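User: I would like to go through this protein with you by question and answer, starting from its surface and ending with individual residues. Please reason through each step before you give the value or name.

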Amino acid sequence: MERGEASILGAIDECTLCLVSAGICAGNVVTSMMLADGDVAISKRGVKINLLCGDFIEAAYPFMERSPVIVNGFAYLACGISTEILFYNRPE
């Protein structure tokens, strides 16, 4: 671990958790016509806090199964982006 090799797994876990949660919340903001006003407000807050601080993962829990196509698409997209962020400048 002192060489930094094992720490990349923790970084992947944290980055994908926060960005997938933000992606699910962003999917809910996009499909806001199907949500109540309070749900849209929590989704916007979840996107903002997860992208800036990475500390509001629970915001996505109530919305994971509501719109499987769009929300799951945003979740997969966010997961791919987060892994690319981590491995972008990694030496071979």
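User: About how many Å² does the accessible surface of the protein come to?

Analyst: The model is a predicted one, and its values are computed from that model. Carbon and sulfur atoms account for 62% of the accessible surface, whose total is about 6200 Å².

User: What share of the residues of the protein count as buried?

Analyst: A residue counts as buried when its relative accessible area is under 20%. Of the 92 residues of the protein, the share that counts as buried is 34%.

User: In what order do the elements of the protein run from the N terminus on?

Analyst: The secondary structure comprises three helices and zero strands. Read from the N terminus on, the order of the elements is therefore written with helices alone, as α-α-α.

User: Which elements give two or more residues to the largest nonpolar core?

Analyst: The largest nonpolar core consists of nine residues, namely I24, C25, V47, F56, A59, A60, F63, V71 and A75. The elements that contribute two or more residues to this core are α1 (7-30) and α3 (68-87).

User: Which residues does V71 touch, not counting those up to four places away in sequence?

Analyst: V71 is itself one of the residues of the largest nonpolar core, as are I24 and F63. With residues up to four places away in sequence not counted, V71 touches I24, G27, N28, F63 and M64.

User: Is S43 buried or exposed?

Analyst: S43 is found in helix α2, which spans residues 37-52. Leaving aside neighbours within four places in sequence, S43 is in contact with C25, N28, V29 and F63. The relative accessible area of S43 is 0%, and because the limit for this class is under 20%, S43 is buried.

User: How many disulfides does the structure hold, and how far from C53 is the nearest cysteine sulfur?

Analyst: A disulfide needs two cysteine sulfur atoms within 2.5 Å, and the structure holds zero disulfides. C53 is exposed, with a relative accessible area of 62%, whereas C79 counts as partly exposed at 29%. For C53, the nearest cysteine sulfur is that of C18, at a distance of 9.7 Å.

User: Over the face of which residue does R45 lie?

Analyst: The structure holds zero aromatic pairs, but a ring can also be considered together with a charge placed over it. R45 lies at 5.3 Å from the ring centre, and the residue whose face it lies over is F56.

Notes:
Residues numbered from 1 in each chain as written. Predicted model: local features only at pLDDT ≥ 70, side-chain atom pairs only at ≥ 80, totals over all residues. Heavy atoms only, no water. Buried < 20%, exposed > 50% of the residue type's maximum accessible area, 1.4 Å probe, protein only. Helix = DSSP H or I, 4+ residues; strand = E, 2+ residues; numbered from the N terminus. Contact = heavy atoms within 4.5 Å. Core = buried A, V, L, I, M, F, W, Y, C linked by side-chain atoms within 4.5 Å. Phe/Tyr/Trp six-rings, centres within 6.5 Å; stacked < 30°, edge-to-face > 60°. Lys NZ or Arg CZ within 6 Å of the ring centre and 35° of its normal. Areas by Shrake-Rupley, 256 points an atom, 1.4 Å probe, with all protein chains shown as cover.
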